[in-house]
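Colleague: Got a minute to go through this model with me? I'd like the confidence first, then the odd spots.

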Amino acid sequence: MRDARDEAQDGQSAQVIPLRSAERGGSQRRRHAAEAVEQYGGAAVVNLPGSADVPGQRVRVEPTLPGHEAGADEAVPEAVAKALDFVRGRLTGEYDIDEFGFDPELTETMLLPALRMLYDKWFRVEVHGAENLPIGGGGLVVCNHSGTIPLDALMTMVAVHDNHPKQRHLRLLGADLLFRLPFVGMLARKTGHTLACHPDAERLLRGGELVGVFPEGYKGIGKPFSARYKLQRFGRGGFISAALRTGVPIIPCAIVGAEEIYPKLGDIKPLARLLGLPYFPVTPFFPLLGPLGAVPLPTKWHIEFGEPVRTDLEDGDAWDDPMRVLSLTDRVRESMQQLLYERLAQRGGVFGN
């Protein structure tokens, strides 16, 4: 009867692992070895720990689990490596922010993945006209505002980043209330938001950033449900002046679907004044259902970017002429209202697929 060493000399590519000792159970071991060779004939040969005392003791193992293709889990180590690099950077302070406090790494690693769950699964956002966003250089994206809670601003951030060929970030201009809120204000700064004022807007535009503005402000986001998709007054056209000064294109943006996430039926004004809020909404579910009433309705969203309005063709002092600024403001507003009406006519329903 031949031993394991004789089989290795005859070219057998796998040997058994002794369960008790190298001298006992030889027949059973050889039968197991033959079965292993037949089943794992093409597998790699590896040395087993603790087998140095038995000459030639090796066994073939499958490189992947049965039913799994090689390389199927290659993305997992890469994702883990990125996560570890992110944590290391946070602990050592080795990460970049700009003069406004924008942290691109934090935005791409933490905020955008969280928002995509709402974007993809809850609101099922469809984007139209992304080719109208400038490939490079500054640009002013002017959006309608609605929804009682400004989720439309966050969804537009994701829409620009995920549909732009260069995955550009949309730098949003926010009201001062946003930056007074604990934690929210700090997070807003880190994710690229800044105060809605002329100096900040112009610095961003001159720096070649895509800037997002919601000129309706609280009048838009807090309007009653009966006034849905009717644009409110745009103010004094400050965003138009910033675009004219910097010569960047203005991209009208229409958001359909946000109006219905929290249908505002009323406003508890005394409570709003007590809390320092512009309004305290009453919806069909809030405050009646408490925290559960704060869950947005899963409406179907469409975000459409219209044809850019060029400002570099205007005269050099157009930004200083109130009538020309007002005229261009009305032109942008009418373009947005037309986009809203057209998209509303095309959508299948509030909750449609």
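Modeller: Here is a short run through the chain, starting with how far to trust it.

Colleague: What is the average pLDDT of the chain?

Modeller: This is a predicted model. The chain averages a pLDDT of 81. Of the residues, 78% score at least 70.

Colleague: Which elements have the lowest and the highest mean pLDDT?

Modeller: Strand 2, residues 58-61, has the lowest mean, at 40. Strand 11 has the highest, at 98.

Colleague: And where does pLDDT stay under 50?

Modeller: Over residues 1-30, for one. The model has 40 contacts beyond four places in sequence for that stretch. Residues 36-74 also stay under 50. For them, too, the model has 40 such contacts.

Colleague: Switching to helix 12. How far apart are its end C-alpha atoms?

Modeller: They are 36 Å apart. Helix 12 covers residues 322-346, which is 25 residues. At 1.5 Å a residue it should span 36 Å, so the two agree.

Colleague: Which of its residues are buried?

Modeller: In helix 12, the buried ones are Val325, Leu328, Thr329, Val332, Met336, Gln337, Leu339, Leu340 and Arg343.

Colleague: What do the buried residues of helix 12 pack against?

Modeller: Four strands and a helix are involved: strand 3 (126-128), strand 4 (139-143), strand 8 (250-256), strand 11 and helix 10 (238-246). Strand 11 is also the element with the highest mean pLDDT.

Colleague: On to backbone oddities. Which peptide bond is cis?

Modeller: The one from Phe286 to Pro287, with omega near 5 degrees. Pro287 sits in the loop between strand 10 and strand 11.

Colleague: What about Leu289, where is that?

Modeller: Leu289 is in the loop between strand 10 (281-282) and strand 11 (302-305). Its relative accessibility is 41%, so Leu289 counts as partly exposed. Leu289 also belongs to a nonpolar surface patch of about 600 Å².

Colleague: Which other residues make that nonpolar surface patch?

Modeller: Trp122, Phe285, Leu288, Leu292 and Val295 join Leu289 there.

Colleague: Back to the backbone. Which residues have a positive phi although they are not glycine?

Modeller: Gln167 has one, about 50 degrees. Tyr229 has one as well, about 60 degrees.

Colleague: Buried or exposed, then, for Tyr229?

Modeller: Tyr229 counts as buried, because its relative accessibility is 5%. Tyr229 lies in the loop between helix 9 (218-221) and helix 10.

Colleague: And where is Gln167?

Modeller: In the loop between helix 5 (151-163) and strand 5 (170-174). At 45% relative accessibility, Gln167 counts as partly exposed.

Notes: Residues numbered from 1 in each chain as written. Predicted model: local features only at pLDDT ≥ 70, side-chain atom pairs only at ≥ 80, totals over all residues. Heavy atoms only, no water. Patch = residues over 30% accessible without salt bridge, like charges linked within 9 Å, V, L, I, M, F, W, Y side chains within 5 Å. Areas by Shrake-Rupley, 256 points an atom, 1.4 Å probe, with all protein chains shown as cover. Salt bridge = Lys/Arg side-chain N within 4 Å of Asp/Glu carboxyl O. Helix = DSSP H or I, 4+ residues; strand = E, 2+ residues; numbered from the N terminus. Buried < 20%, exposed > 50% of the residue type's maximum accessible area, 1.4 Å probe, protein only. pLDDT = per-residue confidence, 0-100. Contact = heavy atoms within 4.5 Å. Expected span 1.5 Å × (residues − 1).
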